[in-house]
Amino acid sequence: MMAHYQRKLRWISLLALLCIGLSACSTGGQAVITTTQSTQPQSSAPPVTTTQPQITSKAQTSVSTVEATTTAGIESLPVLMYHQFYDPARGETPKKGLESNWMTVAMFESHIKYLSDGEFYFPTWEEVYAYVKGEKTLPKKSLVITIDDGHSSFYEYAVPILERYQIPATGFIITKAIKPETVERYSTQLISLQAHSDGMHTSGGNGRGLITNLPHDKIVEDLTLCRKKLGGERVRVFDYPYGHYSEEAVSGVKDAGFWLAFTTHYGRVKPGMDPLLLPRVRISSDITLTGFQHVVQ
């Protein structure tokens, strides 16, 4: 009897121990599952960082830049044409019969100051060439300043004013009597010296410019010499003497290595024009500042 009672107690003890073990296992299993869940990522999407809006911003800037380049450019480019200058304060007067070509120093400076204050854009000749070819747009308020002949007043009056206001311009130079030191002194990043022929700025037998009277090879010979005197490869723009030209003259200009050539026809440069027969905007001596402002807008 006693033995039976002892065996019963052992079974009760075993059952109690078994229940305690099962309870502990159950609790521990839940803890393991909970811990496992907490270590798993909550989402497969990468965390948002500050680099994402920066990338978007760059893309938007790129699009905006393209839109600005294609929509905000000029429809036509004014290439201004000046000639000579004089200073009445020094008792100087314009050359008789050519008064419209001779502008007072004060008036010229008022033009340059207006352009400087107005923050105009002055494209390089490479940019102008690409614009004419339809390969590039130019900003609004773009223009080019050209001054014909290389008269002494260009060096004495125009260049110092241009340098003072840091406005780029081109002098179309007759090189027949030019000295190498003149080219060295005045050909700078600000002042471009380009070709107006060497010995063709004179009339020919038909009463027109000599360039329209010469054969092709003589035209090329003259212009090649002109380019050489002014610096060679950097000289790529030509100005027809008196604005006169012929089919033979245009062919000679091309074969002499010029990219662009200007006549005296009035007008603005536009994409698609013949790059060797471009117009300009003549600035006569009697123009007022108000008139000038209207021309360049």
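# Exercises on pockets, a cavity and strand β4

The largest pocket of this predicted model holds about 440 Å³ of space.

**Exercise 1.** Determine which residues lie nearest the centre of the largest pocket, which elements contribute to its lining, and how that lining divides by class.

*Solution.* Begin with the lining as a whole, which comprises 23 residues, and note that T124, W125, E126, T170 and S192 are the ones that lie nearest the centre of the largest pocket. Next, assign the lining to secondary structure: the elements that give two or more residues are α4 (125-132), β4 (144-149), β5 (169-173) and β6 (191-195). Among the contributors, β6 gives the most, with 4 residues. Finally, sort the lining of the largest pocket by class, which yields 12 nonpolar, 7 polar and 4 charged residues.

**Exercise 2.** Describe the second largest pocket by its volume, its central residues and the classes of its lining.

*Solution.* The volume of the second largest pocket is about 360 Å³. Of the 18 residues that line this pocket, H83, Q84, N101, D149 and H201 lie nearest its centre. When the lining of the second largest pocket is divided by class, 5 residues are nonpolar, 9 are polar and 4 are charged.

**Exercise 3.** Work out whether Q84 is buried or exposed, and establish what surrounds it.

*Solution.* First locate the residue, which belongs to strand β2 (residues 84-86). Then apply the cut-off for burial: because a residue is called buried under 20% relative accessible area, Q84, at 6% relative accessibility, counts as buried. Turning to its surroundings, and leaving aside residues up to four places away in sequence, one finds that Q84 touches N101, W102, M103, D148, D149, H151 and S153. With one of these residues, D149, the contact is also polar, since the side chains of Q84 and D149 approach to 2.9 Å, where the cut-off for a polar contact is 3.5 Å. Q84 and D149 are both among the residues nearest the centre of the second largest pocket.

**Exercise 4.** Place strand β4 among its pairing partners and state how many of its residues are buried.

*Solution.* Take the partners one at a time. Strand β1 (residues 79-82) pairs with β4 in the parallel sense over 4 bridges, and within the residues concerned Y82 stands opposite I147 in β4. Strand β5 likewise pairs with β4 in the parallel sense, over 4 bridges, with I173 in β5 as the bridge partner of D149. As for burial, β4 is mostly covered, 6 of its 6 residues being buried.

**Exercise 5.** Find how many cavities of 30 Å³ or more the structure contains, and characterise the largest cavity.

*Solution.* A search of the whole structure returns 1 cavity of 30 Å³ or more, and about 50 Å³ of space lies in the largest cavity. Its lining is made up of Y82, H83, Q84, S100, N101, M103, R282, I283, S284 and S285, which divide into 3 nonpolar, 6 polar and 1 charged. Comparing this list with the residues nearest the centre of the second largest pocket shows that H83, Q84 and N101 appear in both.

**Exercise 6.** Summarise the protein as a whole by its secondary structure, its burial and its contacts.

*Solution.* The secondary structure comes to 9 helices and 9 strands, and buried residues make up 39% of the 297 residues. If one then considers contacts between residues at least 6 apart in sequence, 62% of them join residues at least 24 apart.

Terms used:
Residues numbered from 1 in each chain as written. Predicted model: local features only at pLDDT ≥ 70, side-chain atom pairs only at ≥ 80, totals over all residues. Heavy atoms only, no water. 1 Å grid on protein atoms, 1.4 Å probe; cavity = no way out; pocket = protein on both sides within 12 Å on 5 of 7 lines; lining within 4 Å. Points joined across faces, edges and corners; volume = space filled by probe spheres on them. Nonpolar A, V, L, I, M, F, W, Y, C, P; charged D, E, K, R; others polar. Buried < 20%, exposed > 50% of the residue type's maximum accessible area, 1.4 Å probe, protein only. Polar contact = N/O pair within 3.5 Å; in protein donor to acceptor, adjacent residues only side chain to side chain. Contact = heavy atoms within 4.5 Å. Pairing = 2+ DSSP bridges.
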